[in-house]
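Dear colleague,

I am passing on the structure we spoke about, and below it you will find my notes on what turned up when I went through it. Please keep it open beside the text as you read.

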Amino acid sequence: MSASLPVTPLRYQPSFEQPDGDEAATTHELIEALRDIQETTFRNSEQALRGVHAKSHGLLQGELEVLEGLPPELAQGLYARPGRHPVVLRFSTNAGDILDDSISLPRGLALKVLNVEGERLPDAPGGTQDYVLVNAPAFAVAKPKQFLGSLKLLAKTTDTPQAWKKLASTVFRGAEALVEAAGGESATLKTMGGHPQTHPLGETFYSQVPLLHGPYMAKISVAPVSSNLKALKDAPLDVRDQPDALRRAVNGFFRSEDAEWELRVQLCTDLDSMPIEDASVPWPEEKSPFIAVARLRVPRQTGWSEERAAAVDEGCAFSPWHGLAAHRPLGGVMRVRKATYEASSRFRAGHGRCPIHEPQGELNLPA
């Protein structure tokens, strides 16, 4: 017997999406800006890196268990029936170049769920459902043009010496600390290097922008539920003289600990307070809470290694457009991501040392 739902979700209508007239031109410029970043990092390192979220800190395998007894509004797409799926997790930070961890940036979590059945999105490789998540409930900017502006700034600063980036990060962290002491928070300061130096496994991660959930619309979060992860929320992390402090922290944790998160869905109930086309607006949880639809379990294992980096960093691509039609991404920021992410993957495939492929069947990352 399914549980009842505490909210009444809106059904999606095509009129809820309103593309800008020059969205195709914006997409083209985004592709060029991302390529500028990738060409710069390739020239400097001879590595074909992602244009954003280039540095990984954790590369893990686990299992996603879809919960039983979900109400019909939640039992959609991947969650239509109970089951267990292998999953790849990639923890990262958002820069397009490989930086010392003393330059503190927002954290990302990419998930690739395997052995997923159902109608696919156009051009989506078969059998997987990807989520691209960040540790903030809303995107830093509202629209594709603003997204382009921030990516162009990132492209211009990719070649800036790390010493300058470290100095700037120290200044921005201090400014962010003052903002938070006054009860606020600045996505801009965090994006520029002002993120607090905390343990990455204590974070809650969000899709930030919406996607379909069957006939409804939703945002996704992945939240810690095991006590050992919850204990790491806002836990300070010493990064002095440790350029890979986040990797060390992830490896240190998973050497002896198992972990568990919930994958949660927040259904859209009101377009005024939960807009589709303004990615910068957090959807109010008092109107529609995040509700668990699955459990994500990761046993103790190697948290990061060069061999895993070859398999996941070089061999895998993550995109919100890799998945089921029932979870089609929504809104301008999601629309421009499709071609932009595809172009980034093509660059990596053309310049990389390892072919990009979608994992299938049983998952066995190298130790």
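A convenient place to begin is R247, which lies over the face of W304 at 3.8 Å from the ring centre. A second contact of this kind involves K112, which is placed over the face of F318, with 4.9 Å to the ring centre. Please bear in mind throughout that this is a predicted model.

Aromatic rings

Turning to rings that meet other rings, a search of the whole structure gives 7 aromatic pairs. One of them joins F91 and F205, whose ring centres are 5.8 Å apart and whose planes meet at 65 degrees, so the pair is edge-to-face, the cut-off for that class being over 60 degrees. The two partners come from distant parts of the chain, since F91 belongs to strand 2 (residues 83-93) and F205 to strand 5 (residues 205-206), with their positions 114 residues apart in the sequence. F91 also forms an aromatic pair with W261, and here the geometry is tilted, with 6.2 Å from centre to centre and 40 degrees between the planes. This pair, too, links distant parts of the chain, as W261 sits in strand 8 (residues 259-267), 170 residues away from F91 in strand 2. Taken together, ring pairs link F91, F205 and W261 into a cluster.

Are the members of this cluster buried or exposed? F91 and F205 are both buried, and W261 counts as buried as well, because its relative accessibility is 1%. For F91 the corresponding value is 2%, which is under the 20% limit for a buried residue.

Around strand 2

Several further residues can be described by reference to F91 and its strand. H53, in the loop between helix 1 and strand 1, has its C-alpha atom 8.9 Å from that of F91, although the two are 38 residues apart along the chain. With a relative accessible area of 18%, H53 is still classed as buried, because the limit is 20%. V88 is another residue of strand 2, and it is buried, with a relative accessible area of 2%. Its C-alpha atom is separated by 29 Å from that of S150, which is 62 residues away along the chain.

In the loop between strand 2 and strand 3 (107-114) you will find L99, which is buried at a relative accessible area of 8%. The C-alpha atoms of L99 and P243 are separated by 7.6 Å, while their positions lie 144 residues apart along the chain. V116 occupies the loop between strand 3 and strand 4 (128-134), where it is buried, with a relative accessible area of 6%. From V116 to Y79 the distance is 9.9 Å, C-alpha to C-alpha, and in sequence the two are 37 residues apart.

Internal space

Rolling a probe the size of a water molecule over the atoms shows where empty space is left. In this model there are 2 cavities of 30 Å³ or more, and the largest cavity holds about 110 Å³ of space. Its lining is made up of 16 residues, and those that lie nearest its centre are T93, D101, I103, L105 and L246.

Backbone details

Two residues other than glycine have a positive phi and may deserve a look in the viewer. E46, in the loop between helix 1 (23-45) and strand 1 (55-66), has a phi near 60 degrees, and this residue counts as exposed at 66% relative accessibility. Q208, in the loop between strand 5 and strand 6 (211-213), has a phi of about 70 degrees, but Q208 is buried, with a relative accessible area of 5%.

Finally, how does the length of helix 8 compare with the span expected of it? Helix 8 runs over residues 332-351, and at 1.5 Å a residue its 20 residues should span 28 Å, because the expected span is counted over one less than the number of residues. The C-alpha atoms at its ends are 29 Å apart, which agrees with that figure. Helix 8 also has a kink of about 30 degrees, centred on K338.

With best wishes

Key. Residues are numbered from 1 along each chain as its sequence is written. This is a predicted model: local features need pLDDT of at least 70, side-chain atom pairs count only at pLDDT 80 or more; totals for chains, interfaces and linings use all residues. Side-chain values use heavy atoms; hydrogens and water are left out. Helices (H or I, at least four residues) and strands (E, at least two) are DSSP runs, numbered from the N terminus. The bend at a residue is the angle between axes fitted to the seven residues ending there and the seven starting there. Rings of Phe, Tyr and Trp (its six-membered ring) pair if their centres lie within 6.5 Å; planes under 30 degrees apart count as stacked, over 60 as edge-to-face and the rest as tilted. Buried means under 20% relative accessible area, exposed over 50%, partly exposed in between (1.4 Å probe, protein chains only). A charge sits over a ring if NZ of Lys or CZ of Arg is within 6 Å of the ring centre and within 35 degrees of the ring normal. On a 1 Å grid over the protein atoms alone, a cavity is a set of points where a 1.4 Å probe fits but cannot get out, and a pocket is an open set with protein on both sides within 12 Å along at least five of seven lines; lining residues have an atom within 4 Å of a point. Grid points are joined across faces, edges and corners, and a volume is the space filled by probe spheres set on the points.
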